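This briefing sets out selected features of the structure displayed below. Ligand contacts are taken up before the cysteines, the strands and the backbone angles.

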Amino acid sequence: MLNLSSKSDLFKSGTKALVGNTFKKLKALEDISYVCSNLYTSDLESAATQVIKPFCELAGADVGVVMILKNPDKQIYIVASYGLSEGFIETYNNKLRYTLNSDCVTENWPSIRSVYKKKIVLIKDTDKMRVEYSKFFKESLGVNKIKSVASVPIIINNDAIGAISLYYTNQPDFNDEELSFMKTTANIITGTIERNHLLEAAKKSEKELAEANEDLQQINQELDSFVYIASHDLREPLRTIESFISVIQDQFKNSLEDKLQEYLLRIIKATKRMRKLIEDLTQLSRVSRETKDKENELVDLNVLITEVQFELTAFLQDKNAQIVLTSESPKVLGNKEKTASIFKNLITNGIKFNKSKEKKVEISLVNNPNLDHKKICICVKDNGIGIPKEYYEKIFGLFQRLHSQDEYEGTGAGLAIVKKILEKYNCEIWVESEKDKGSKFYFTLIKGD
Ligand code: ADP
């Protein structure tokens, strides 16, 4: 009969052994976790190879295999192993070609069963398994002494993408602690594989981005030459047409029939429009491609608007129109020329699309409490023909016009240029209007001080 003290000694030594064993496992787990946390490779095979050996040692397994399903044909490949001969892996991966859906695999193979069930599959005694399974299994593995198998699925994003299988020549009891270690280790490995999958995807996108950048650079270069052609070469034949027209007009001034005079005027009008179109497209393309460094000048809006007003003097007189500045405007950040072009476009539109006897464009600073504190808001208001609500967005598109050339001349590029300039400033533009009641164009600019 054991006395109390010997009982407690026995308990202590048993506990010690248990604690020692657990400690060993925790240590191995720590090692695996360390290996995994330092694995920054997109190479799944090398990631799996580095962890399968410590995993087998931790679990006391004689053979370990990491299998991954590969699309599109869902074949199962060994990507890493421990305790298996190279010859076997070679034959397995290249000659046997087991597909996931084949009966012999789904029925018999523990790894694949664990993939299908997304659960750990334990086979405690392979001798008690069905004969064909045992034969198949032992023959294919080439190890006759295998007694037990444990397969843990590798699950990423709720999909089982493979399994880690451990093969034992002994028969471990697979108690809760063993299983819990196995699951934890599989989780660490899965995390590593998942991270490496992401790494691979990131590298792929990085490569694709670099390629796209290269393409973009090429396209920009092509666009550059297109803009060059548009702005120089296309103007050349236009000039020739214009000079011949003026020769015809001069030399045959009195002898030209009315009909021919009218045709000539039409040609002149068309060439003017063509010239304006070329200029607008060139400007739009420049605005789209220019980098931001030229856009940080300090621009005094009061001075700028006065200059624009001066530039438009003849046009304003011709149209019996006036510009009214209702408030002082602050300094803003931007490119002087482009900012002037915003005002010029909006002012000329306000006067062009206007049937009032006394055409008026009012420019004011708008107090908008919801505005980003770094921005100011400006309103350009006219007493023109107005814009129906359904066209508020459309008019900012390239070549979008609401009227024919006979009604109002134009290219339909002005507002698209204005919008592009403001987009480059990270600013916005919108319109409020009503048919026959004038329009208010609002836009923001970045404060300069
Ligand atoms: P364009 O002036 O060359 O026609 P825009 O891009 O400047 O081209 O304007 C696009 C269209 O938006 C114009 O054709 C016109 O129909 C409408 N629009 C622009 N500004 C006004 C305005 N102030 N009042 C009424 N309609 C306008």
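In this predicted model, a polar backbone atom of Gly-414 is placed 3.3 Å from an oxygen atom of the ligand. The neighbouring topics are the rest of the ligand shell, the cysteines, the strand pairings and two residues with positive phi.

**Ligand contacts and burial**

- The side chain of Arg-401 brings an N or O atom to 2.7 Å from an oxygen atom of the ligand.
- Leu-415 contributes through its backbone, where an N or O atom is 2.8 Å from an oxygen atom of the ligand.
- The ligand taken alone exposes 530 Å², and the protein buries 98% of that area.

**Composition of the ligand shell**

- The ligand is surrounded by 21 residues, of which Asn-349, Arg-401, Thr-411, Gly-412 and Leu-415 come nearest.
- By class, the shell consists of 10 polar, 8 nonpolar and 3 charged residues.
- At least two shell residues are supplied by each of three elements: helix H12 (336-352), helix H13 (414-424) and strand E12 (439-447).
- Helix H12 provides the largest share of the shell, with 3 residues.

**Cysteines**

- The search of the whole structure for disulfides returns 0.
- For Cys-379, the closest cysteine sulfur belongs to Cys-377; the two sulfur atoms are 7.4 Å apart, which is too far for a bond, given that a disulfide requires sulfur atoms within 2.5 Å.
- Cys-379 has a relative accessible area of 5% and is therefore buried.
- Cys-56 is likewise buried, because its relative accessible area is 0%.

**Strand E1 and its partners**

- Strand E1 (residues 63-70) is mostly covered, with 7 of its 8 residues buried.
- An antiparallel pairing over 6 bridges joins E1 to strand E5 (residues 159-168).
- Within the pairing to E5, Val-66 stands opposite Ile-164.
- E1 also pairs with strand E2 (residues 75-82), again in the antiparallel sense, over 7 bridges.
- Gly-64 has Tyr-82 in E2 as its bridge partner.
- In a regular strand, side chains alternate between the two faces of the sheet.

**Helix H5 and the residue that follows**

- Helix H5 spans residues 110-117, and its buried residues include Pro-110, Ser-111, Ile-112, Ser-114 and Val-115.
- Lys-118 comes just after H5 and takes a positive phi of about 55°.
- This phi is a positive value in a residue other than glycine.
- Lys-118 is placed in the loop between H5 and strand E3 (121-123).
- With a relative accessible area of 37%, Lys-118 is partly exposed, because that class lies between the limits of 20% and 50%.

**A second positive phi**

- Asp-436 also has a positive phi, near 65°, and is a residue other than glycine.
- The loop between strand E11 (429-433) and E12 holds Asp-436.
- E12 is also one of the elements that supply at least two residues of the ligand shell.
- Asp-436 counts as exposed, because its relative accessibility is 59% and the class begins over 50%.

Key: Residues numbered from 1 in each chain as written. Predicted model: local features only at pLDDT ≥ 70, side-chain atom pairs only at ≥ 80, totals over all residues. Heavy atoms only, no water. Near = heavy atom within 4 Å. Polar contact = N/O pair within 3.5 Å; in protein donor to acceptor, adjacent residues only side chain to side chain. Areas by Shrake-Rupley, 256 points an atom, 1.4 Å probe, with all protein chains shown as cover. Helix = DSSP H or I, 4+ residues; strand = E, 2+ residues; numbered from the N terminus. Nonpolar A, V, L, I, M, F, W, Y, C, P; charged D, E, K, R; others polar. Buried < 20%, exposed > 50% of the residue type's maximum accessible area, 1.4 Å probe, protein only. Pairing = 2+ DSSP bridges.
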